[in-house]
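I opened my notebook beside the viewer and went through this one residue by residue, then helix by helix. Here is what I looked up, in the order I looked.

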Amino acid sequence: MMNSVLMVAAGGAIGAALRFLWSVGVLRLLGGPTGFPVAIMGANILGSFLMGAFVVYAAHRGVSHLAPFVMTGLLGGFTTFSAFSLETVTLLERGDIWHAGLYVGLSVGLSVAGLMMGLWMTRMVVG
């Protein structure tokens with residue numbers, strides 16, 4: 001049990017650091033804050049894709065024992081439901097209901113689609 005906790009903790013630290021670097025990189029690429037949380041949405045979509053890919057890869061390669069590190073830790077630290085919630089409420093408090101709805105719809109829809117794409121693409125490669 002303690003080994004799993006340490007794997008989750010290590011993965012979470014790495015995932016959170018990667019999310020920070022991702023957000024900085026996206027903001028630099030876009031030239032600064034855009035008023036729309038593109039970086040967080042992108043992290044959630046990418047993380048969902050990687051989750052789908054890992055599920056298939058782990059099952060085919062027998063590395064499911066890495067799930068606490070990869071899924072709960074690394075990808076849990078990289079994706080950001082609490083940040084997603086904060087960004088949504090911030091948009092709502094600004095009175096930007098259209099962007100809040102768009103953000104929720106795109107984030108949820110594209111994250112689910114990302115996970116499905118990760119499953120599909122990895123299944124095509126491994127089996």
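**Entry 1: serine 48**

I started with serine 48 and asked whether it is buried or exposed. Its relative accessibility comes out at 16%, and the cut-off for buried is under 20%, so serine 48 counts as buried. A reminder to myself: this is a predicted model, so every value here is computed from it.

Where does serine 48 sit? I found it in helix H2, which covers residues 38–61. Next I looked for a partner for its side chain. A polar atom of that side chain lies 2.8 Å from the backbone oxygen of asparagine 44. Setting aside residues up to four places away in sequence, I noted that serine 48 touches Thr79, Ser111, Gly114 and Leu115.

**Entry 2: phenylalanine 49**

I moved on to phenylalanine 49, also a residue of helix H2. Its relative accessibility is 24%, so I logged phenylalanine 49 as partly exposed. Which residues does phenylalanine 49 touch, not counting those up to four places away in sequence? I listed Gly114, Leu115, Met117, Gly118 and Met121. I also took one distance: the C-alpha atoms of phenylalanine 49 and alanine 13 are 20 Å apart, with their positions 36 residues apart along the chain.

**Entry 3: alanine 39**

My third stop in helix H2 was alanine 39. With a relative accessible area of 8%, alanine 39 is buried. Leaving aside neighbours within four places in sequence, I found alanine 39 in contact with Trp22, Ser23 and Val26. Ser23 and Val26 appear again among the buried residues of H1. I also checked alanine 39 against alanine 67: they are 28 residues apart in sequence, and their C-alpha atoms are 25 Å apart in space.

**Entry 4: H2 as a whole**

How far apart are the end C-alpha atoms of H2? I got 34 Å, which agrees with the 34 Å that its 24 residues should span at 1.5 Å a residue. Just after H2 comes glycine 62, with a positive phi of about 70°.

I then looked at H2 beside H5. Their axes come within 7 Å and cross at roughly 25°. The limit for roughly parallel is an angle under 35 degrees, so H2 is roughly parallel to H5. I wrote down the crossing of H2 and H5 as right-handed.

**Entry 5: H1**

Helix H1 runs over residues 2–30 and has 29 residues. From its first C-alpha to its last it reaches 42 Å, close to the 42 Å expected at 1.5 Å a residue. Glycine 31 follows H1, and its phi is positive, near 85°.

Which residues of H1 are buried? My list reads Met7, Gly11, Gly15, Ser23 and Val26. What covers the buried residues of H1 includes H2 and helix H3 (67–78).

**Entry 6: H1 against H3**

I took this pair next. H1 and H3 pack at an angle of about 30°, with their axes 6 Å apart. That makes H1 roughly parallel to H3, and the crossing is right-handed. On the H1 side, the residues making the contact include Met7, Gly11, Gly12, Gly15, Ala16 and Trp22. From H3 I noted Phe69, Thr72, Gly73 and Phe78 among them.

**Entry 7: H4 against H5**

At what angle do the axes of helix H4 (residues 81–93) and helix H5 (residues 97–126) cross? I read roughly 160°, with the axes coming within 7 Å. Over 145 degrees counts as roughly antiparallel, so H4 is roughly antiparallel to H5. This crossing is left-handed. H4 brings Phe84, Glu87, Thr88, Leu91 and Leu92 to the contact, and H5 brings residues including Ile97, His99, Tyr103 and Val108.

**Entry 8: the whole chain**

I stepped back last. The protein chain has five helices and zero strands, running α-α-α-α-α from the N terminus on. Its C-alpha atoms fill a box of roughly 50 × 35 × 25 Å along the principal axes. Of its 127 residues, 32% count as buried. Among contacts with a separation of 6 or more, 75% come from residues 24 or more positions apart.

How values were computed: Residues numbered from 1 in each chain as written. Predicted model: local features only at pLDDT ≥ 70, side-chain atom pairs only at ≥ 80, totals over all residues. Heavy atoms only, no water. Helix = DSSP H or I, 4+ residues; strand = E, 2+ residues; numbered from the N terminus. Buried < 20%, exposed > 50% of the residue type's maximum accessible area, 1.4 Å probe, protein only. Polar contact = N/O pair within 3.5 Å; in protein donor to acceptor, adjacent residues only side chain to side chain. Contact = heavy atoms within 4.5 Å. Expected span 1.5 Å × (residues − 1). Axes fitted to C-alpha atoms, helices over the stretch in contact; angles between N-to-C directions. Parallel < 35°, antiparallel > 145°, perpendicular 65-115°, else oblique. Left-handed = near helix turned anticlockwise from the far one by under 90°.
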